[in-house]
Amino acid sequence: MSLTCVAGLGVSGVAVARVLAARGERVVVVESVEGERQLAAAAELARAGVQTRFGELTLPEGTTRLVTTGWAPHHPLVAAALRAGVEVVGEVELAWRLRPAQAAPWLALTGTNGKTTAVRMLTSILLAAGRKALAVGNVGVPVVQAVGEPYDALAVELSSFQLHWSGTLAPHAAAVLNVAPDHLDWHGSLEEYAAAKGRIFERAGTVIYNADDPECTRLAASYPGAVGFTLRAPRSGQLGLVEDLLVDRAFVADPVEAAEELATFDDIRPFAPHNVANALAAAALARSLGVPAEAVRQGLRDFVPDPHRLSHVDRVDEVDYVDDSKATNPHAAAAALASYRSVVWVAGGLLKGADVDDLVRGAAPRLRGAVLLGADRARIAEAIARHAPNVPVVDIADRETGAMERVVTEAARLASPGDTVLLSPAGASLDMFANYPARGEAFARAVRGLRARREHER
């Protein structure tokens, strides 16, 4: 009997092992960390007949397939499998292959930023249309866990890591929201990263792309009939804006002469240009499945944003404090900074090889000050010195999580009434925090502490 090796005891790895074991397949999981969570997961899988091997990551003898949940090709375990001629697939690719007859159509999307917001908007729209739908993939629910369930549609968020290991996906429709430098340490170059994103289009029934993004436009150029979305007035075959209206000139009876109103700016929360683009992408995916315009509007109204995405924390002394900790790369931070007129910027973390010069250059007119923390704060400070030399910068060298209190205190000192103190780090959080939610929660606690101090002083 063939043997599948599953790489790691993460959420997706455990789901893969459980599903394959239920099908009667031989499965071994390899895991390097022998922590409390991993031991508990291994014990659960043992009851299903799955063996877990802790310690050095090596392929079990007889392995015919390695299922990875986002590991890079240069990882020693993956590289060893490739050298040995062992098939390497991702969890998403495996899920696609395991789909039953009459499986729910996949509405798939990817992008450097906005994926989770857009896929949750899409799910809300589908539910408003009376479709039984679920958000899966990089959003947190493994696809392999959902493919056997009786859904009307799956809203599938895909990362570049997942797409790299997915060779046969053929979603009903696929969208790319944007492409900007990210995860270059994993992919090796922007070209390879963009190519991974573009794989989502290869077998898609309908190709949907951001017509305002040059890289997305390039990726979609070879697909006749591709549907664009834009923050400008839409041409035939596009979705876009007419004043404050979101309109469809693609999924209508006569795209040349007709247009259909889908929603207004008032239906989008939180309102920001990049969230309008997310809404247009979600609407296009839903419309490809025949969802009516009124369900698009209702779904956007029903959508509840996830935490740490332009979340308004508080207003203290006429200064707004906004948590956008999810902005873990410069492209996301640029979108957030563009949403506010006058900003004291809280930034820093792990830049993952990304350049910040364009980000700072574009944001310079809005910056009233910056408070920098984390491993790569010096690179952001250098960019500010080059492109916004008159902007005051406070450097927080403390790497303990309690440093956020000082960050907020210094930001409040720089801010004037009408300003927004914006945590939009442009970098990953793992140099100081367990994850980006922990970073955002630390910011919110510090803001609440600031309010308490100011009220005590009064």
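Where in the chain is Ala426 found? In this predicted model, Ala426 sits in the loop that runs between strand S20 (420-423) and helix H17 (436-457). Its phi is near 70 degrees, a positive value in a residue other than glycine. At 0% relative accessibility, Ala426 counts as buried. It is a good place to start a tour of the structure, and the overall picture comes next.

The protein has 17 helices and 20 strands. Its radius of gyration is 23 Å, close to the 23 Å that the globule rule gives for 458 residues, so the protein is as compact as a globular protein of that length. Along the principal axes, the C-alpha atoms fill a box of roughly 70 × 60 × 40 Å. Of the 458 residues, 56% count as buried. Among contacts with a separation of 6 or more, 64% are made by residues 24 or more positions apart.

Turning to the surface, the protein exposes about 18,800 Å², and carbon and sulfur atoms supply 50% of that area. As for charge, there are 46 positive and 54 negative charges, and the mean positions of the two sets are 1 Å apart.

A disulfide is a covalent bond between the sulfur atoms of two cysteines. The structure holds 0 disulfides. Two of its cysteines can be described here: Cys5 is buried, with a relative accessible area of 0%, and Cys216 is likewise buried, at 0%.

Cys5 also appears in the surroundings of Leu59. Leu59 lies in the loop between strand S3 (51-54) and strand S4 (63-68). With a relative accessibility of 23%, Leu59 counts as partly exposed. Leaving aside neighbours within four places in sequence, Leu59 is in contact with Cys5, Leu66, Leu77, Ala80, Ala81 and Val86. Lys352 is 293 residues away from Leu59 in sequence, and their C-alpha atoms are 29 Å apart in space.

Lys352 itself belongs to the loop between strand S17 (343-347) and helix H14 (357-363). At 19% relative accessibility it counts as buried, because the cut-off for that class is under 20%.

The backbone offers some further points of interest. Most residues other than glycine have a negative phi, and most peptide bonds are trans. Lys352 has a phi near 55 degrees, a positive value in a residue other than glycine. Arg269 and Pro270 are joined by a cis peptide bond, with omega about -15 degrees. Pro270 is found in the loop between strand S14 (260-264) and helix H11 (273-287).

Definitions and conventions:
Residues are numbered from 1 along each chain as its sequence is written. This is a predicted model: local features need pLDDT of at least 70, side-chain atom pairs count only at pLDDT 80 or more; totals for chains, interfaces and linings use all residues. Side-chain values use heavy atoms; hydrogens and water are left out. Helices (H or I, at least four residues) and strands (E, at least two) are DSSP runs, numbered from the N terminus. The radius of gyration is taken over C-alpha atoms; the globule rule is 2.2 Å times the number of residues to the power 0.38. Buried means under 20% relative accessible area, exposed over 50%, partly exposed in between (1.4 Å probe, protein chains only). Contact means heavy atoms within 4.5 Å. Accessible areas come from the Shrake-Rupley method with a 1.4 Å probe; for residues, only the protein chains shown count as cover. Lys and Arg count as positive and Asp and Glu as negative; His and the chain ends are not counted. The place of a charge is taken as NZ of Lys, CZ of Arg, CG of Asp or CD of Glu. A disulfide is a pair of cysteine sulfur atoms within 2.5 Å.
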